[in-house]
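Reader: I'd like to learn how to read a fold from its coordinates. Can we go through one together?

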Amino acid sequence: MGIEFQDKKAVEIYAEGVTAEELTLRPMILKMAGNVRGQNVLDIGCGDGRYSELFARSGANVIATDLAAPQIEMAQEKHAHQNIRYSVGDVSAADAAPGSMDLVLANMVVPSIGSVESLDKLFAQARKMLRPDGRFIVSVLHPLILSPNQDDYDRPVNFDPANYFNEGSPYRSEAKTNAGNTMVFNESHFSLTKLSELMRKNGFLVKSMVESKQVPEKGMLLPKYLAFECVLG
Ligand SMILES: C[S@@+](CC[C@H](N)C(=O)[O-])C[C@H]1O[C@@H](n2cnc3c(N)ncnc32)[C@H](O)[C@@H]1O
């Protein structure tokens, strides 16, 4: 899964931006993160670095990693900042000490993870990097997006509802970018039950769970994204 991000052209299209993400996911994540001034933030699966830069501009010290080298190249080109250190790889490649992060973010990384084992590993890595009072913010596509009644901004094209509890089952979704191109995502679906089970297994407690807002003027009525704010406990 997530193979598209190893492709430079796909990464260029991704960097064009998607209206739904800008209007609904981004404000939700930034609000959940709150004031990050002076905080150590780890952005796992940072993509083109759009969130890393926002956090750095708000005064955070950011360490950002992504498995895909083309994403990190794009991040260094488009979203460089003196308070961000980018690296290619998973969390183990990050130049960060265990137990040092105030905030770990995995924004829309879960849909790029292809199996329960890999998701379990991601959560364990996030936990390891957190301070005892740190927070983990993780977002997913809301299961409602699997509904066929979606707008054009980000919609699944071949999800089989019979696979809802088939953890890690692959499907494809398409999103129109701001430049009018179609970005194709090869995603994996996990039930909310499995997500919650893996969070608990890795020592997380869900402090809040928020659904992204409606944007009626764009025809976005079902919440597209779901974000969890987790603490250790
Ligand atoms: C949909 S993009 C999201 C990018 C960014 N977080 C954002 O919100 O714009 C998912 C990214 O996660 C990366 N990724 C997937 N699994 C990862 C892992 N285990 N560690 C680091 N990056 C990962 C992919 O390469 C891809 O760039």
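Reader: Let's start with contacts. What share of the contacts with a separation of 6 or more comes from residues 24 or more positions apart?

Author: In this predicted model, residues 24 or more positions apart account for 66% of the contacts in the protein with a separation of 6 or more.

Reader: And how do I judge the overall packing? What radius of gyration would a compact globule with 233 residues have?

Author: Near 17 Å, and the protein has 16 Å, which agrees. The C-alpha trace spans about 45 × 40 × 30 Å along its principal axes, and 43% of the 233 residues count as buried.

Reader: Now the inventory. How many helices and strands are there?

Author: The secondary structure comes to six helices and 10 strands. Let's take the sheets next.

Reader: In what order do the seven strands of the open sheet run?

Author: Read across the sheet, the order is β3-β2-β1-β4-β5-β10-β9, with mixed pairing. β3 and β9 (204-211) are the edge strands, each pairing on one side only. On average, neighbouring strands here are turned by 15° against each other, direction ignored.

Reader: "Mixed" needs unpacking for me. Which way do β1 and β4 run, and how many bridges join them?

Author: They run parallel, with three bridges joining them. To find that pairing on screen, look for Leu42, whose bridge partner in β4 is Val104. Elsewhere in the sheet, β5 and β10 run antiparallel and are joined by seven bridges; there, Val138 stands opposite Phe228 in β10. β9 and β10 also pair in the antiparallel sense, over seven bridges, and Glu211 stands opposite Leu226 in β10.

Reader: How enclosed is β10? How many of its eight residues are buried?

Author: Six of the eight residues of β10 (residues 225-232) are buried, so the strand is largely enclosed by the rest of the structure.

Reader: Which strands does helix α5 lie across?

Author: Helix α5 (residues 116-129) lies across β1, β4, β5 (130-141) and β9, and runs at about 160° to β4.

Reader: What about the other sheet? Which strands form it, and in what order?

Author: That one is an open sheet of three strands, in the order β6-β7-β8, with antiparallel pairing. β6 (155-156) and β8 (182-189) are at the edges with a single partner strand each, so one side of each is left without a neighbour in the sheet.

Reader: How many bridges does each pairing have?

Author: β6 and β7 pair over two bridges, while β7 (residues 169-176) and β8 pair over eight. Glu174 is a handy marker: Arg155 stands opposite Glu174 in β7, and Glu174 stands opposite Val184 in β8. Further along, Lys176 has Thr182 as its bridge partner in β8.

Reader: And the turn between β7 and β8? Which residue takes a positive phi there?

Author: Gly180 does, with phi near 90°, in a hairpin that has five residues between the strands. Gly59, which follows α3, also has a positive phi, near 100°.

Reader: Back to helices, then. Why do residues three or four places apart in an α-helix point the same way?

Author: An α-helix has 3.6 residues a turn, so residues three or four places apart end up pointing the same way. Now try α4 (residues 69-78): Pro70, Gln71, Ile72, Met74 and Ala75 are buried. Those buried residues pack against α1 (8-14), α3 (50-57), β2 (61-66) and β3 (84-88).

Reader: Why is α3 described as largely enclosed?

Author: Six of its eight residues are buried, so the rest of the structure largely encloses α3. The buried residues are Arg50, Tyr51, Ser52, Glu53, Phe55 and Ala56. They pack against α2 (19-33), β1 (40-44), β2, α4, β3 and β4 (101-106).

Reader: Last one, the ligand. How many residues surround the ligand, and which are the closest?

Author: There are 20 residues around the ligand, the closest being Gly45, Gly47, Ala68, Asn107 and Ser112. α3 and β2 each supply at least two residues of that shell. By class, the shell has 10 nonpolar, seven polar and three charged residues.

Technical notes
Residues are numbered from 1 along each chain as its sequence is written. This is a predicted model: local features need pLDDT of at least 70, side-chain atom pairs count only at pLDDT 80 or more; totals for chains, interfaces and linings use all residues. A residue is buried if 20 or more other C-beta atoms lie within 10 Å of its own, exposed if 12 or fewer, and partly exposed in between; C-beta atoms are placed from the backbone. Helices (H or I, at least four residues) and strands (E, at least two) are DSSP runs, numbered from the N terminus. Two residues are in contact if their C-beta atoms, placed from the backbone, lie within 7 Å. Two strands pair if DSSP finds at least two bridges between them. The radius of gyration is taken over C-alpha atoms; the globule rule is 2.2 Å times the number of residues to the power 0.38. Axes are lines fitted to C-alpha atoms, for helices over the stretch in contact, and angles run from 0 to 180 degrees between N-to-C directions. A residue is near a molecule or strand if its C-beta atom, placed from the backbone, lies within 6 Å of it. Ala, Val, Leu, Ile, Met, Phe, Trp, Tyr, Cys and Pro count as nonpolar, Asp, Glu, Lys and Arg as charged, and the others, Gly among them, as polar.
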